[in-house]
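Student: Please take a close look at one helix and its surroundings, and then set that part beside the ligand site and the core. I would like one connected account.

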Amino acid sequence: MSYSRLRSNADYTNAYAQSVAEPEAFWAAQAERFTWRRKWDHVLQWDFNAPQVEWFKGGRLNITENCLDRHLASRGDKTAILWEPNDPGEEAQRISYRELHARVCRFANVLEHNGAKKGDRVCIYMPMIPDLAVAVLACARIGAIHSVVFAGFSAQSIADRIQDADAAFVITTDGMARGAKKVAVKAIVDEALRTCPGVKRVMVVRHTGEEVDMQAGRDVWLHDELKQVDADRPAEEMASEDPLFILYTSGSTGKPKGVVHTCGGYMVYTDYTFRNVFQYEEQDVFWCTADVGWVTGHSYIIYGPLLAGATSLMFEGIPTYPDAGRFWQVIDKHGVNIFYTAPTAIRSLMAQGLDFVRPCSLSSLKVIGSVGEPINEEAWHWYKEHIGKDRCPIVDTWWQTETGGILISSLAGITDEKPSYAAWPMPGVQPVLLTPEGKEIMENEVEGLLAIKFPWPSIIRTTWGDHERCRQTYFSSYKGYYFTGDGARRDAEGRYRIIGRVDDVINVSGHRFGTAEIENAINESEWVVESAVVGYPHDIKGQGIYAYVIAEKPVTDPDQARSEILATVTKMIGPIAKPDKIQFVSGLPKTRSGKIMRRILRKVAENELNSLGDTTTLLDPAVVDEIKAGRV
Ligand code: WT7
């Protein structure tokens with residue numbers, strides 16, 4: 001049985017049943033759509049205890065041959081990337097499959113000409129311009145492993161990631177424009193590279209035209225390099241399980257980890273989910289508003305859409321520039337059919353009122369989607385009514401950097417939807433709810449810890465340079481399961497609703513941070529003795545960051561002290577990790593063994609002062625009264 005697209009609820013039910021009964025036959029049929037230089041020997045070999053998961057072992061391929069070359073005969077002139085610039089006065093760009101293929105080949109030759117080869121790590125730090133997609137694909141073309149770092153991260157974060165991956169190559173731009181702001185991108189990279197002696201070559205794309213320092217022997221301009229290479233570059237033949245990319249993400253420990261995805265399984269799964277979740281059709285214009293610096297951009301701006309031969313819109317700007325109607329104007333301008341964004345964006349635009357929505361027709365829209373955090377019912381209904389005009393199905397897609405693609409979602413217009421429910425597992429995905437002791441809960445209308453008991457093709461393979469960390473983080477809490485870190489509810493019919501993280505991870509505007517990571521940054525301020533960070537409900541961001549800080553001496557100028565902390569967090573991580581609230585305290589609620597009782601800190605941050613629970617086991621119960629009284 002092979003589906004090009006599931007077209008009815010019965011199709012979904014049948015596909016799901018087959019994917020559980022005969023997973024290998026199911027995924028082998030999906031994999032048949034692609035160009036393989038050599039077919040696989042084994043569809044799946046796995047052991048969650050090691051952990052070791054291998055899909056399509058023995059198969060040989062290149063994902064860019066499938067994203068580009070495979071489409072040239074039938075879709076050569078079709079627009080692959082439709083680029084909308086930050087400045088609405090600047091012209092949009094349409095890059096056909098043929099042109100994209102040529103640009104990727106040339107860029108691949110530049111990489112090679114500069115010494116990069118298969119298996120090398122390449123760090124990419126760029127704004128949302130077509131060259132970013134070209135750079136990513138050029139790495140994949142030669143088998144170099146890309147590590148994209150979101151262009152809002154600080155120099156320190158870039159340096160950490162370059163060092164961890166031991167990347168010898170960097171691709172960046174002179175500058176970038178975000179709304180009315182200009183950012184000196186190359187200067188940030190220069191600062192990062194002061195502590196990265198292993199970087200041999202920096203390739204710089206001219207974008208804003210501003211002046212930059214070029215370090216002789218290390219830095220080269222892409223436009224100069226492009227003149228020196230051939231137009232063609234056949235795709236490097238890769239093994240299915242060769243790494244395709246590393247993407248750093250935060251967890252409950254201090255240091256972000258490099259999630260590794262591989263070529264074959266990631267290709268099959270991102271293509272499958274793209275076509276089915278969004279019910280993509282050949283003429284559709286698809287727009288995912290994420291940044292390529294996050295996994296959503298990897299899977300649903302670049303790889304998924306291009307594998308399917310789609311037109312993928314890439315937007316350089318921000319939702320509120322030049323005004324809060326920009327998303328809606330761009331939808332009308334380009335006739336966007338499928339629109340995929342984050343709840344935080346919906347909530348912030350909802351707060352701007354309907355004046356920005358009304359002038360736009362939005363009549364091209366067929367499907368609208370949501371990703372990154374739970375979407376509250378109010379935002380869901382606003383999105384449905386005012387953007388989807390009550391005729392577009394909403395897909396609320398639950399997944400993670402580690403899962404590579406969407407695991408739980410309704411299929412647009414095919415399986416039913418229910419506000420605040422991601423709803424149904426994708427074919428091939430076997431979710432379970434566990435008790436804290438690790439027992440599977442079989443009934444419906446229950447809550448539990450969300451785990452997955454069978455591998456899907458784009459599951460995380462390892463964390464770069466530290467396989468044990470991968471085992472510990474995802475496969476050791478509950479033996480035999482991939483543990484997601486999320487809590488979930490299952491309703492009477494079996495739909496899933498994601499409740500949120502159950503670990504020390506906070507999700508701020510859809511961006512993931514470990515509380516320990518932010519605490520480490522805050523503690524970099526000389527006069528900070530100790531800090532504790534928790535999340536609290538935030539109307540726009542989903543979760544806000546609340547920091548409790550113990551200072552060396554009494555704080556005489558709290559505003560000054562706060563701005564110093566914000567500056568330190570900006571320097572260590574980036575502005576997106578800045579605490580929303582900072583409270584100076586003389587102590588933290590600790591148990592006699594020295595463990596911080598975060599439950600109490602969370603309750604205070606949530607303003608639930610009357611349900612703090614038992615505080616008698618604290619070393620110094622009086623500190624709780626001080627914290628309650630000083631709540632900000
Ligand atoms: C965490 C993963 C998936 C790409 C963007 C975020 C939360 C994600 C949903 C959703 C409720 C969601 C989870 C998850 N999350 N999508 N539809 N409903 N929560 O990727 O940075 O790896 O974060 O985001 O808590 O564990 P990420």
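Tutor: What follows starts with helix α13 and works outward from there. The model is predicted, and every value below is computed from it.

Helix α13 spans residues 377–387, and K384 lies in it. The buried residues of this helix are A379, W380, W382, Y383, K384, H386 and I387. An α-helix has 3.6 residues a turn, so residues three or four places apart point the same way. The buried residues of α13 pack against two helices, α11 (326–334) and α12 (343–350), and against the strands β18 (338–341), β19 (367–371) and β20.

K384 deserves a closer look, since it is a lysine on the buried list. K384 counts as buried because its relative accessibility is 15%, and the cut-off for buried is under 20%. Beyond its neighbours within four places in sequence, K384 is in contact with I368, K389, D390, C392, P393, I394 and E417. Its side chain reaches the backbone oxygen of C392 at 3.0 Å. K384 and P419 are 35 residues apart in sequence, while their C-alpha atoms are 9.7 Å apart in space. K389, one of the contacts of K384, comes just after α13 and takes a positive phi of about 50 degrees.

Two further residues share that backbone feature. Most residues other than glycine have a negative phi, and most peptide bonds are trans. L362, in the loop between α12 and β19, has a phi near 60 degrees. At 0% relative accessibility, L362 is buried. Q279 has a phi near 50 degrees and sits in the loop between α9 (263–277) and β16 (285–288). Q279 is buried as well, with a relative accessible area of 8%. As for peptide bonds, a cis bond joins Y321 and P322, with omega about -5 degrees, and P322 lies in the loop between β17 (311–315) and α11. Another cis bond joins A50 and P51, with omega about -15 degrees; P51 is in the loop between β1 (42–47) and β2 (52–57).

Strand β20, against which α13 packs, also leads to the ligand. A nitrogen atom of the ligand is 2.7 Å from an N or O atom in the side chain of D396. The elements giving two or more residues to the shell around the ligand are β20 (394–397), α10 (295–307) and β26 (496–501). An oxygen atom of the ligand lies 2.6 Å from an N or O atom in the side chain of D486, and a backbone N or O atom of G372 is 3.1 Å from a ligand nitrogen atom. Of the 550 Å² of accessible area that the ligand has on its own, the protein covers 95%. In total 17 residues surround the ligand, and the closest are D396, T397, T401, D486 and R512. By type, the shell divides into six nonpolar, six polar and five charged residues.

The last part is the nonpolar core. The largest one has 121 residues, and L100, I124, F278 and Y303 have the most contacts inside it. Helix α5 (residues 130–142) gives the largest share, 10 residues. Leaving out residues up to four places away in sequence, F278 touches T273, F286, Y300, I338, Y340, V367, V395, I406 and A412. A second, separate core of 45 residues includes A151, L193, A521 and A551.

Notes: Residues numbered from 1 in each chain as written. Predicted model: local features only at pLDDT ≥ 70, side-chain atom pairs only at ≥ 80, totals over all residues. Heavy atoms only, no water. Near = heavy atom within 4 Å. Polar contact = N/O pair within 3.5 Å; in protein donor to acceptor, adjacent residues only side chain to side chain. Areas by Shrake-Rupley, 256 points an atom, 1.4 Å probe, with all protein chains shown as cover. Helix = DSSP H or I, 4+ residues; strand = E, 2+ residues; numbered from the N terminus. Nonpolar A, V, L, I, M, F, W, Y, C, P; charged D, E, K, R; others polar. Core = buried A, V, L, I, M, F, W, Y, C linked by side-chain atoms within 4.5 Å. Buried < 20%, exposed > 50% of the residue type's maximum accessible area, 1.4 Å probe, protein only. Contact = heavy atoms within 4.5 Å.
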